[in-house]
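This briefing goes through one protein chain by topic. Please keep the sequence and the structure in view while reading.

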Amino acid sequence: YGFSASEGANLVTVPDSRALTLKVHYSFSQLPENNGYTPRLADERVGYFITAYQDFSNDNRSDPFVRYINRWHLEPSDPNLPLSPPKKPIVFWIENAVPLEYRAAIREGVLMWNKAFEKAGFQNAIEVRQMPEDADWNPADVRYNTIRWFNSLDAGFARGPSRVNPLTGEILDADIIVDANMVRLVKQEYRTLMEATPFAIDGLRNNPAICQNKVPASRQGNDFKRLLTDNEICYGMESSFQAAVGKIALSLLLDVTPNPESLKEYVHQYLRSLIAHEVGHTLGLRHNFHGSTMLMPEELNNTEITHTKGLVSSVMDYLPVNLAPQGMPQGDYFPAIVGPYDEWAIAYGYKPSIGEILEDKKPFLEQVVLESSQPEYAYATDEDIWDINPDANVWDMSGDVLLYSQWQMD
């Protein structure tokens, strides 16, 4: 597509903003039919994206909507085994544009989810492959699930969108996109943290109320409304800020003076956790802002706990950097494994169940959600966090957020 403007446009990233060419890649694929996929009903106690339709064939229904969760078509190769490889694994390709130094962290972030799938009966449900340098396919090809790397001038985002069958909820393709500024900002100094503005909206950098939806209505212009239509914008900005704050704090603590190796490990943990969060979205999972409340502050840096049970109950939360308080050895800065909620949610969505038709699976699903009252399975998503539940919050940590916050202030 060719675009032109006689007076030029505000596009500082092109040599001449009076005209530019934009390449758009279209990928068409036929919807699968009679492929053995059985939709799975949604339950509001388990956080999945859904595909819904209205059923007018039964007037006795109290709710006209039928809601299916979005999930991949995953079948065990041997249904008789308690743990079986899938007939067709979910394969993610690391785009060849991803810098070499970050590929290991990205791979680990993707494969973190295999622990959850093992609890659902699948061995090596997810695979990671490297896109060859001379690949003859485009990363936008619908036949490939890719993790893509972008370099922008002043953005900062990571997203995990997917394409689903609108009739069944079956996920057909997913691509994770990561802006390099998500990592670059972490490495920059205090000056960047205070002065950089990832988005050209006046006052955004100095007004955190924007991402908390607390700006007076009189000041909510079109740019503000556009911003709030996509929580991932605020996530991208705040996630990199949180990580940058952690890096700065480490440089100020006398007993944790960063060196190249410690900074490399810090960035590795951050990127691994970021990718795990986005992969969760591509598996069908919504945010769970209750995830950070699982452990008490005294447990957060005990790696015997965080490497077995997890740092949080769900990596689908928006998590700050976990900095150990004064006098306590530092544990993990960011989650190293998925949490109990993540495993439980994957079991609801993917554990094979007896029965060939949708109605046969209801007892199995109801049995799973009966466990939802357990504290580590608490779930609260985007529409639940605005001043309703103090435990359902973004960028908080631990089951005693007041004590944790005091430690951070100290």
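**Overview**

Buried residues make up 47% of the chain, which has 410 residues. The model is predicted. Its secondary structure consists of 11 helices and 11 strands. Of the contacts between residues at least 6 apart in sequence, 72% join residues at least 24 apart. The chain has an accessible surface of about 21400 Å², and carbon and sulfur atoms account for 52% of that surface.

**Surface patch and V24**

- Y1, F3, L22, V24, Y26 and F28 make a nonpolar surface patch of about 730 Å².
- One of these residues, V24, is located in the loop between β2 (19–21) and β3 (50–54).
- V24 has a relative accessible area of 38%, and it counts as partly exposed because that class covers values between the 20% limit for buried and the 50% limit for exposed.

**A buried loop residue**

- S84 belongs to the loop between β4 (65–69) and β5 (90–94).
- Although in a loop, S84 is buried, and its relative accessible area is 0%.
- Leaving aside residues up to four places away in sequence, S84 touches P76, S77, D78, G121, F122 and Q123.

**Aromatic rings**

- The whole structure contains 15 aromatic pairs.
- In the pair W93 and W137, the ring centres are 5.3 Å apart and the planes meet at 70°, so the arrangement is edge-to-face.
- This pair links distant parts of the chain, since W93 sits in strand β5 and W137 in the loop between β6 (126–130) and β7 (145–150), 44 residues apart.
- W93 is buried at a relative accessible area of 15%, and W137 is buried at 11%.
- One aromatic cluster is formed by Y266, Y270, Y333 and F334.
- The face of F157 has R159 lying over it, 5.8 Å from the ring centre.

**Salt bridges**

- The structure has 14 salt bridges.
- One of them joins D16 and R18, whose closest N and O atoms are 2.6 Å apart.
- D16 is partly exposed, with 35% relative accessibility.
- Another salt bridge is between the side chains of E133 and R103, at 3.7 Å from N to O.
- The E133 and R103 pair links distant parts of the chain: E133 is in the loop between β6 and β7, while R103 is in helix α1 (residues 100–111), 30 residues apart.
- Which partner of this pair is exposed, and which is buried? E133 is exposed, with a relative accessible area of 61%, whereas R103 is buried at 14%.
- R286 and E383 also meet through their side chains in a salt bridge, at 2.9 Å from N to O.
- R286 is in the loop between α7 (260–282) and α8 (303–306), and E383 is in the loop between α10 (362–369) and α11 (401–409), so this salt bridge ties together parts 97 residues apart in sequence.
- E383 counts as partly exposed, at 48% relative accessibility.
- K115, K119 and E343 are joined into one network by salt bridges that share partners.

Terms used:
Residues are numbered from 1 along each chain as its sequence is written. This is a predicted model: local features need pLDDT of at least 70, side-chain atom pairs count only at pLDDT 80 or more; totals for chains, interfaces and linings use all residues. Side-chain values use heavy atoms; hydrogens and water are left out. Patches are made of residues with over 30% relative accessible area and no salt bridge: like charges are joined within 9 Å, nonpolar side chains (Val, Leu, Ile, Met, Phe, Trp, Tyr) within 5 Å. Accessible areas come from the Shrake-Rupley method with a 1.4 Å probe; for residues, only the protein chains shown count as cover. A salt bridge is a side-chain nitrogen of Lys or Arg within 4 Å of a carboxyl oxygen of Asp or Glu. Helices (H or I, at least four residues) and strands (E, at least two) are DSSP runs, numbered from the N terminus. Buried means under 20% relative accessible area, exposed over 50%, partly exposed in between (1.4 Å probe, protein chains only). Contact means heavy atoms within 4.5 Å. Rings of Phe, Tyr and Trp (its six-membered ring) pair if their centres lie within 6.5 Å; planes under 30 degrees apart count as stacked, over 60 as edge-to-face and the rest as tilted. A charge sits over a ring if NZ of Lys or CZ of Arg is within 6 Å of the ring centre and within 35 degrees of the ring normal.
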